[in-house]
Amino acid sequence: MDFGIMGVTGPFAGSTISYDPVSDFGTDEGNNTHSTSITTMLGGSFFSDTSYYGTYIKDGKLYSGEIKSCGPVPPPEKLNGYIDALDTFRFQNGGVSDRNISTKIAAKPFNLEIVSLNEDQNGTLERSGVDIRYNIIDLDTSRYLLSQWGTFDAGSAAASKSFRVNSIHKNAAVAFQVCADFDVNSGKYTLHPYSDCDANGVCPDNDPRYDGNMQPCLRSFRSSDNFAIRPDRFVIDASSVSMPVKAGNTFSLRLEALDGAGNPATGYNESISVGSGASPTLSYADAKPACQTGSLALQPASITFADGVANVNLSYDEVGRLVTALRESASSEFASVDRDDTDFNATVDDSPFDTTQSANPVIYRSIKADVKDINFSADHFDIQNPRLRDHHQSPDVNFTYLAIDPSQNQLDPAMASKLSMDITAKNKSGAVTQNYNSACYAKAIDLNISYAINGNPPGMSNPGILSTIYYRWLDDKGNEYSDSQSFANGSPLVVKGSSSGTSLPASIFNTDHNGTAKVAVQFNFDRDYQDAVDPFTFSINDIVVRDTDGASDIGTTPATGTATYLYARTKPSQYLYDDVTSSSIKTPVMVVVYCGAANCPSVDTANGRTNEENWWLSTSHDMSTSDDGNISLTASSNGTVSPSLSIDDSDDGIDKSVTVTHTTGTLPDVVSVGFGTSTSDWLIYNPDSDSIPNTLYKVRFVGTGTWSTTGNKPGVGKVVGGDIYKKKAKRVEW
């Protein structure tokens with residue numbers, strides 16, 4: 001930014017007047033006057049058309065007196081010139097046409113060209129014997145920044161000078177200085193050796209002692225352009241951060257503005273903004289554009305650097321990989337004074353700052369930004385609405401039949417209790433972390449379930465039969481996996497996510513409900529065809545969730561509700577229907593459950609008694625609404641049976657319409673009825689072996705008066721199948 005030349009006033013305003021006299025400073029020994037060419041005019045006045053009296057420098061000496069003209073003498077103001085400073089690379093590229101000084105970096109050397117300009121300021125001019133003092137000045141504090149003044153010999157017209165300023169400054173310039181007095185009456189400046197100004201120092205403003213009394217003092221002016229000396233780079237030091245940081249928790253960063261030597265920049269005391277705003281800004285964005293960026297907050301909200309260092313506490317309310325950058329914005333950068341001559345370009349990479357000041361160095365006015373990735377995890381999980389329910393749900397009774405899929409030796413999802421729950425990832429304040437989803441940052445989770453079996457077993461009538469708990473997890477997108485674990489009452493169930501690992505996959509946290517997984521776990525226990533088990537209740541004492549980042553649920557999370565398991569089977573009303581004289585007979589078939597214990601939860605002991613000890617009608621069995629299990633029957637080739645049973649909640653567990661018909665063969669004849677392939681495995685029982693029985697019951701058709709004779713007389717012989725008047729011992733009524 002060009003403020004123009006600030007020079008001394010008078011005939012040589014802005015000229016190269018600062019002179020470090022040589023040891024023989026003074027008038028010529030012979031008090032001679034000279035009419036040869038004069039190197040530099042310092043001041044004077046005309047006393048005649050051809051005579052000029054004044055002070056001048058020749059061959060490094062100061063002279064006063066009459067100067068005899070070699071011709072017409074031009075006005076002294078046309079002898080005036082300037083001293084200025086500019087970037088060396090600009091001088092090398094274009095001379096003095098561009099006299100800007102670009103942004104510099106603290107504690108890094110830089111070169112400036114000190115130039116003696118001609119009267120038109122479009123070129124240089126040698127001024128032999130004139131030495132100029134120079135320094136760097138902070139224009140905001142009027143403080144000189146170099147401990148020693150440098151000297152420029154204007155006889156060379158231009159010289160590249162090396163500088164290094166270790167501190168940072170928003171508004172600096174090159175200062176020039178000369179020791180001279182000024183006579184307000186004559187308008188003359190008289191140059192003095194610098195030692196003459198030791199007593200008086202810099203000329204004060206508006207002090208008559210240094211005007212009319214011609215007191216010598218240091219008179220200063222400065223370069224036409226001012227510039228900034230900024231820190232080299234920002235550094236985000238996250239070495240003390242234990243990652244991932246839990247969302248919503250406080251963490252600390254050390255922010256640094258370093259000079260060119262890698263030290264904190266002395267005097268850099270700027271306030272920090274977060275997100276956007278005045279420089280410097282701690283900007284941030286999630287690394288995945290499709291994922292949400294949460295809120296990064298300073299604690300407290302106002303933090304400033306102290307000599308290039310700021311220790312800040314922050315919190316971030318989301319999960320993710322947060323790309324944080326400490327940078328400047330173009331509207332409020334430290335080196336804003338250089339907007340007219342230095343590009344901004346807040347680069348975050350290692351831009352090639354040229355420490356040698358080559359012809360075309362790459363220097364930007366922005367402090368180089370630094371970027372750090374900080375990873376954030378969920379603070380904890382909230383398990384919402386955990387509820388355990390039986391398979392059969394009705395106003396009067398709830399139950400689940402013991403069942404497995406024997407062909408796969410795994411849980412049969414058609415008959416199981418179900419634990420449903422929402423698992424939600426949250427930050428410290430309890431807000432849902434929306435990025436905890438399968439498209440962004442959800443993790444695989446471990447799911448452990450502590451459960452209890454109450455009543456039977458232990459204490460069941462057939463202890464030791466249960467050995468395995470079968471389970472199947474599933475989510476609302478159809479993902480699932482079934483497995484089993486050896487049963488030990490009181491030991492938690494570790495729900496495996498797949499055959500290859502124990503964790504449930506991150507995909508359960510789908511994008512339909514960001515931050516939440518809707519998960520269900522179905523349960524059942526081992527069952528065989530031969531061993532009946534007393535009823536027992538199953539409850540969930542605690543659900544523990546932990547992801548691979550270490551986030552877990554808080555406290556104990558039991559589930560509401562219990563599940564009651566019953567051993568069920570299909571029971572005919574009779575195992576043998578004998579002496580059936582008609583071609584068809586109704587053979588009621590029922591569903592019964594076992595209970596030989598004193599306590600029979602979910603068993604209708606009031607209305608469900610059968611004539612088999614410990615077997616009770618499942619009076620709420622419902623095939624159509626509750627899908628409690630189907631029964632299909634097949635008959636031997638000599639007859640038919642109703643293929644499918646229909647038992648609903650209002651049927652008290654019995655289908656009384658099952659009909660067996662004899663269709664072919666010589667009477668008496670036996671039609672055998674067995675299970676069809678559509679029968680639910682959990683409704684099959686075989687007291688003799690752990691296998692599906694071949695026959696459920698039989699019907700012996702004898703017709704009307706069908707006799708088998710051994711002689712020639714009708715009616716003589718034995719009754720086929722035994723005495724028709726004898727009641728069969730195996731007949732069982734319900």
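Buried means under 20% relative accessible area, exposed means over 50%, and partly exposed lies in between. The exercises below apply these words to a predicted model.

**Exercise 1. Classify the two partners of the salt bridge between R90 and D98, and place the pair in its network.**

Step 1. In the salt bridge of R90 with D98, the closest N and O atoms are 2.9 Å apart.

Step 2. D98 has a relative accessibility of 28%, so D98 counts as partly exposed, while R90, at 11%, counts as buried.

Step 3. The pair does not stand alone, since D87, R90, D98 and K104 are linked in a network of salt bridges.

**Exercise 2. Work out which partner is buried and which is partly exposed in the salt bridge of K372 with D370.**

Step 1. The closest N and O atoms of K372 and D370 are 3.2 Å apart.

Step 2. D370 has a relative accessible area of 15% and is therefore buried, whereas K372, at 28% relative accessibility, counts as partly exposed.

**Exercise 3. Describe the salt bridge between D422 and K518, and find where its partners lie along the chain.**

Step 1. The side chains of D422 and K518 meet at 3.2 Å, taken from N to O.

Step 2. This pair links distant parts of the chain, with D422 in strand 28 (residues 417-426) and K518 in strand 33 (residues 516-525), 96 residues apart.

Step 3. D422 is buried because its relative accessible area is 17%, and K518 counts as partly exposed because its relative accessibility is 35%.

Step 4. For the wider setting, a search of the whole structure finds 21 salt bridges.

**Exercise 4. Compare how the disulfides C179 to C197, C203 to C217 and C291 to C440 are built.**

Step 1. The whole structure holds four disulfides according to the search, and these three are taken in turn.

Step 2. The sulfur atoms of C179 and C197 are 1.8 Å apart, and with 90° about the S-S bond their link is right-handed. C179 lies in strand 11 (residues 169-183) and C197 in the loop between strand 12 (188-191) and strand 13 (217-222), 18 residues apart. C179 is buried, with a relative accessible area of 0%, and C197 counts as buried at 2% relative accessibility.

Step 3. The sulfur atoms of C203 and C217 are 1.5 Å apart, and the torsion about their S-S bond is about 90°, so this disulfide is right-handed. C203 lies in the loop between strand 12 and strand 13 and C217 in strand 13, so the pair ties together parts that are 14 residues apart in sequence. Both C203 and C217 are buried.

Step 4. The sulfur atoms of C291 and C440 are 2.1 Å apart, and with -110° about the S-S bond the link is left-handed. C291 sits in the loop between strand 19 (281-286) and strand 20 (296-298), and C440 in the loop between strand 28 and strand 29 (445-454), 149 residues apart. C291 counts as buried at 7% relative accessibility, and C440 does so at 11%.

Step 5. When the bonded cysteines are numbered in sequence order, the pairing is 1-2, 3-4, 5-6, 7-8.

**Exercise 5. Which residues touch the most other members of the largest nonpolar core?**

Step 1. That core has 55 residues, and F523, F538 and I540 touch the most other members.

Step 2. Leaving out residues up to four places away in sequence, F538 touches several residues, among them L388, Y451, I469, F523 and Y565.

Step 3. A second, separate core has 52 residues, including I83, V130, V245 and Y268.

Technical notes
Residues are numbered from 1 along each chain as its sequence is written. This is a predicted model: local features need pLDDT of at least 70, side-chain atom pairs count only at pLDDT 80 or more; totals for chains, interfaces and linings use all residues. Side-chain values use heavy atoms; hydrogens and water are left out. A salt bridge is a side-chain nitrogen of Lys or Arg within 4 Å of a carboxyl oxygen of Asp or Glu. Buried means under 20% relative accessible area, exposed over 50%, partly exposed in between (1.4 Å probe, protein chains only). Helices (H or I, at least four residues) and strands (E, at least two) are DSSP runs, numbered from the N terminus. A nonpolar core is a set of buried Ala, Val, Leu, Ile, Met, Phe, Trp, Tyr and Cys residues joined through side-chain atoms within 4.5 Å. Contact means heavy atoms within 4.5 Å. A disulfide is a pair of cysteine sulfur atoms within 2.5 Å.
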